[in-house]
Amino acid sequence: MSSPGRSWPSPAPWQPSADVYRTRDGWVLKFDLAGVRADEVTVSIRGRRVCVSGVRRDTVVEEGCSYYAMEISYNRFERYLDMPADLENARVTIEAQDGLLTVRMSTEGNEYV
Amino acid sequence: MSEQPVVYELPVLPLKNAVLFPYLVMPLSAGRPASIAAVEAALASESKEVLVFTQRDGDVDVPTQDELYAIGTKAVIRKMSRSEEGHLELLVMGMERVAMVKLDHSEPFLKARVAPLPLPEDTSSELEALQGALIDLAGEALTLAQPNAPQELRGLLVANDDPLRLSFVLASMFSLDAVKSQSVLEAPSRAEALRLLHKYLTHEVQVLELRNKITSEARSEMNKEQREYMLRQQMRAIQQELGDKGGEQAEADQLRERLDKADLPEEILKEATRELNRLAKLPPGAPDYNVIRTYLDYVLELPWRKGTEDSLDIARARRVLDEDHFGLKDVKERILEHLGVLKLNPDAKAPILCFVGAPGVGKTSLGQSIARALNRKFERLSLGGLHDEAELRGHRRTYIGALPGRVLQAMRRAGANNPVLMLDEVDKLGHDFRGDPAAALLEILDPEQNKTFRDNYLDLPFDLSKVLFVTTANALDTIPAPLLDRMELLRLSGYSEEEKLQIAKRYLLPRQLKETGLTVERCSIPDATVRKIISGYTREAGVRQLERAIGRAARKIALRYAENQDLAACTIQPDDLIEMFGPEPFTQEQARRELPPGVSTGLAWTEAGGDVLYIEATLLPDGKGLTLTGQLGEVMQESAKAAQSYLWSHAGDFDIAPSLFKDAGVHVHVPAGAIPKDGPSAGVTMATALASLYSKLPARSDLAMTGEITLTGLVLPIGGVKEKVLAARRAGLQSVILPKGNQKDLRDLPEEVRNEMKFLFAERIEDVLRAAIPQLGDRMSRVKMRPAA
Ligand SMILES: Nc1ncnc2c1ncn2[C@@H]1O[C@H](COP(=O)(O)OP(=O)(O)OP(=O)(O)O)[C@@H](O)[C@H]1O
Ligand SMILES: [Mg+2]
């Protein structure tokens, strides 16, 4: 039996939580994205809006093992952050380590910050 | 490379009694073994995706493909935990809409191959309006359902600016049942989704209103009873103090006095006295007491013998009629005639008039004017949408809350037994299981029966024979024949531009100025401006839009005066209209310049007046027979067949190869928009279109035609000549072909139209073709001459 409850709206992909740091030469964004490889993440910047999106796949699934409970969200995620400054010309590097995805944006050398 | 449809396969989670929408998160509980297996299979994948399909029948455990709706939603399982009973508690999130290709039963769980079914993305200006209306309605429903709904809920409505998302949120917010929800999910367009929701929420609001009403009624009932009890106790105390006899007794005495004074017919008085005696015996708390009281009140207030005195001064009546309405000669004469009859014989039977005409031509206001001219009371009841016989005739007194029908209520309001009683919109009368109001109407309008009209409530004969009944209708085709038979039809055809100008100048303008408190000196609207309003801002046979537009202009000027006391006199020039009303919504509908072979110009008579319509015919090589599309009634189809058969049988005369009829089919199209009310009058237009098609010769584009044809080629007269000619003139067409039999109707046309337009009268279809397709005319004369040569 699949009995339903009331549903409610939410943006279709799930949203990871994020920390935002100001650094001397730009910004660092840190996302709670364990199990996601850096090369599976897309960062796009439009003016002041930074969008980080990608897919988390469950790679632990193997023969003979089945779920007892699940709380981690899989499949597509997407997170928008509105920054205080235009970052379209920033240099961006992405790095995944220890369950965190770090996006560095350096504005060094840009006249307008 | 052609794009492959992306078909994919996933486990299926069948839902009972609910629908999962894209964009929405929904908690679910999976308990069926197959469902549990499906969830486990989904969780064993990297992407955690399942397909959610709703079951057509909630009682089936393992549904077949036919038992599932074909359209569902692909979802991602976001969370899963196990309950104590071993169910899986899920949180799923709708991702995209999918259509089932094939359901697969080969595993312990259901699997399906599906193809994505992208959500519609139509846009239109209608969409915005629909969305606004839906948000308003949802707000209303929310207020009814949860008067103290949290603000966030309301916020959701406004925040969801995507129409589909809004529809989905509302469908789940109001827990619409699975069938309704599914129809929203399947909606082929955004507009349709919004429309569906609007329908469903309207129903929801009605249910909620009813529920609230019942609760509040139950509450007030109790309060009323308690109050009455208290008052009665107090009254009793006072009466004892004063040594008075019971208040009830006093009331009965009062009623008896009124009965004696009232001038009731004998039979009525007898019946009323009997009821009064019953009342006197009842304790005032008895349920019947109030019923009888109300009944007696009605009996006392009805105008049994009371009537107003007619003003029989014909000159005055003529003046009043002319004061209120421009033109309408026939109708006014008919009223004056009746006045003359009344003068000679005061007991003459009144005619039952039926005013037929497009909206806004003055039917209702003419009724009022007649009452004024005769110095009678005026009452109006609208029959539009009425489908309960009891509305006209009342409910028996044994029903709780019964009242007399609307006819007697109108008589009571009139306070006289000879009012002008207008039955508006007889053509919109409904009928269903609650009885046929037309039957009751027949009785009311029948001079033999209405002398003793029996209302169910009153159950006493009331004399309606002195009433002057006037009915109104936009069209006659929905009026039952026996009803039509009893009435004397008077047509109010539409007005020409010239007539509208006169009506505006002499009637509408002074009236609207007076209403806004302006004077002609302060605000003048010259003829040119009125003409521009008529041609650019209104499209109607009557003058209602015109009156409204003039009113709006007058109010704008009044506002200017209010803001600026020392404003000098003000004139509205044609160019000011753009600023007042915006750009012209209607540009004069222009006739097409040149017609290709196979197209001809017809005239239709519609509920809103007349219209020009183009009938288009094309050959279908290798096709067969006659295909008809567009706005075609059965009569139209017959006309088309008659036209084709006629041409076929005379192919030789027109120099058309008979093989064309055999070897090719024909498609005839009557464009939508102009919905002709009188099918047969398009006959000559069809014939012209077909003749032009077969002969490959174009028809004249400056000429329109109307008329019915017979198989032998006779052209028969049709209705609505004035409306049709005016429509042709509006479209800039100079010539009109009319059936010979309609020649007499030209006198209904305003003089300036008669002078300006060219009319050709046709007896036979050859006359029409010769005039409409000049080159064919040449050919025909050649053919005619051939034997002689
Ligand atoms: N010939 C006329 N002269 C002066 N005023 C007119 C004339 N015809 C119509 N009007 C005015 O136009 C307005 C609309 O008329 P009315 O309401 O009587 O239309 P109607 O024929 O009853 O329409 P419907 O079929 O929509 O009920 C009224 O204010 C009426 O006074
Ligand atoms: Mg009316």
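Is A:Asp98 buried or exposed, and what is its relative accessibility? At 74% relative accessibility, A:Asp98 counts as exposed, because anything over 50% falls in that class. Keep in mind as you look around that this is a predicted model.

**Two residues with an unusual backbone angle**

Let us stay with A:Asp98 for a moment. This residue sits in the loop that links strand E8 (91–97) to strand E9 (100–106) of chain A. Its phi is positive, about 50 degrees, although A:Asp98 is not a glycine. Why is that worth a look? Most residues other than glycine have a negative phi.

Chain B offers another example. B:Glu425 has a positive phi of about 60 degrees, and B:Glu425 is not a glycine either. You will find B:Glu425 in the loop between strand E9 (420–424) and helix H15 (437–445) of chain B. With a relative accessible area of 31%, B:Glu425 is partly exposed, because this value lies between the 20% and 50% limits.

**Chain A: strands and an open sheet**

Chain A has nine strands and zero helices. Read from the N terminus on, its elements are therefore β-β-β-β-β-β-β-β-β. Of its 113 residues, 37% count as buried.

Three of the strands in chain A make an open sheet, ordered E5-E6-E7, with antiparallel pairing. Strand E5 (41–46) and strand E7 (75–82) are the edge strands of chain A here: each has a single partner strand, so one side of each has no neighbour in the sheet. On average, neighbouring strands of this sheet are turned by 15 degrees against each other, direction ignored.

You can trace one of these pairings yourself. E5(A) and strand E6 (residues 49–56) of chain A run antiparallel and are joined by six bridges. Opposite A:Arg46 you will see A:Arg49 in E6(A).

**Chain B: a parallel sheet**

Now turn to chain B, where five strands form an open sheet in the order E8-E9-E12-E7-E13, and the pairing is parallel. Which strands stand at the edges? They are strand E8 (378–382) and strand E13 (488–491) of chain B; each has a single partner strand, so one side of each is left without a neighbour in the sheet. Neighbouring strands in this sheet are turned against each other by 25 degrees on average, direction ignored.

Strand E7 (residues 353–356) of chain B is covered on both faces. B:Leu353 and B:Phe355 lie on one side, B:Cys354 and B:Val356 on the other, and all are buried. E7(B) pairs in the parallel sense with strand E12 (residues 468–473) of chain B over four bridges, and E7(B) also pairs in the parallel sense with E13(B) over four bridges. B:Phe355 is a handy place to see both pairings: B:Phe355 stands opposite B:Thr472 in E12(B), and its bridge partner in E13(B) is B:Leu490. At one edge, five bridges join E8(B) to E9(B), which run parallel; there, B:Ser382 stands opposite B:Asp424 in E9(B).

**Strand E1 of chain B**

Strand E1 (residues 8–15) of chain B is mostly covered, with six of its eight residues buried. Four bridges join E1(B) to strand E6 (residues 111–116) of chain B in the antiparallel sense, where B:Glu9 has B:Arg113 as its bridge partner. Four bridges also join E1(B) to strand E3 (residues 49–54) of chain B, but these two run parallel. In that pairing, B:Pro14 is matched with B:Phe53 as its bridge partner.

**Around ligand 1**

How many residues surround ligand 1? There are 19, and the closest are B:Gly360, B:Lys363, B:Thr364, B:Arg544 and B:Glu547. By class, this shell has eight nonpolar, six polar and five charged residues. Helix H12 (363–374), helix H17 (497–516) and helix H19 (544–563) of chain B each supply at least two residues of the shell.

Here are some distances between ligand 1 and the protein.

| Atom of ligand 1 | Protein partner | Distance |
|---|---|---|
| nitrogen atom | polar backbone atom of B:Phe326 | 2.9 Å |
| oxygen atom | polar backbone atom of B:Gly360 | 2.8 Å |
| oxygen atom | N or O atom in the side chain of B:Asn474 | 3.1 Å |

Taken alone, ligand 1 exposes 640 Å², and the protein buries 88% of that.

Note on methods
Residues numbered from 1 in each chain as written. Chains lettered and ligands numbered in written order. Predicted model: local features only at pLDDT ≥ 70, side-chain atom pairs only at ≥ 80, totals over all residues. Heavy atoms only, no water. Pairing = 2+ DSSP bridges. Axes fitted to C-alpha atoms, helices over the stretch in contact; angles between N-to-C directions. Buried < 20%, exposed > 50% of the residue type's maximum accessible area, 1.4 Å probe, protein only. Near = heavy atom within 4 Å. Polar contact = N/O pair within 3.5 Å; in protein donor to acceptor, adjacent residues only side chain to side chain. Areas by Shrake-Rupley, 256 points an atom, 1.4 Å probe, with all protein chains shown as cover. Nonpolar A, V, L, I, M, F, W, Y, C, P; charged D, E, K, R; others polar.
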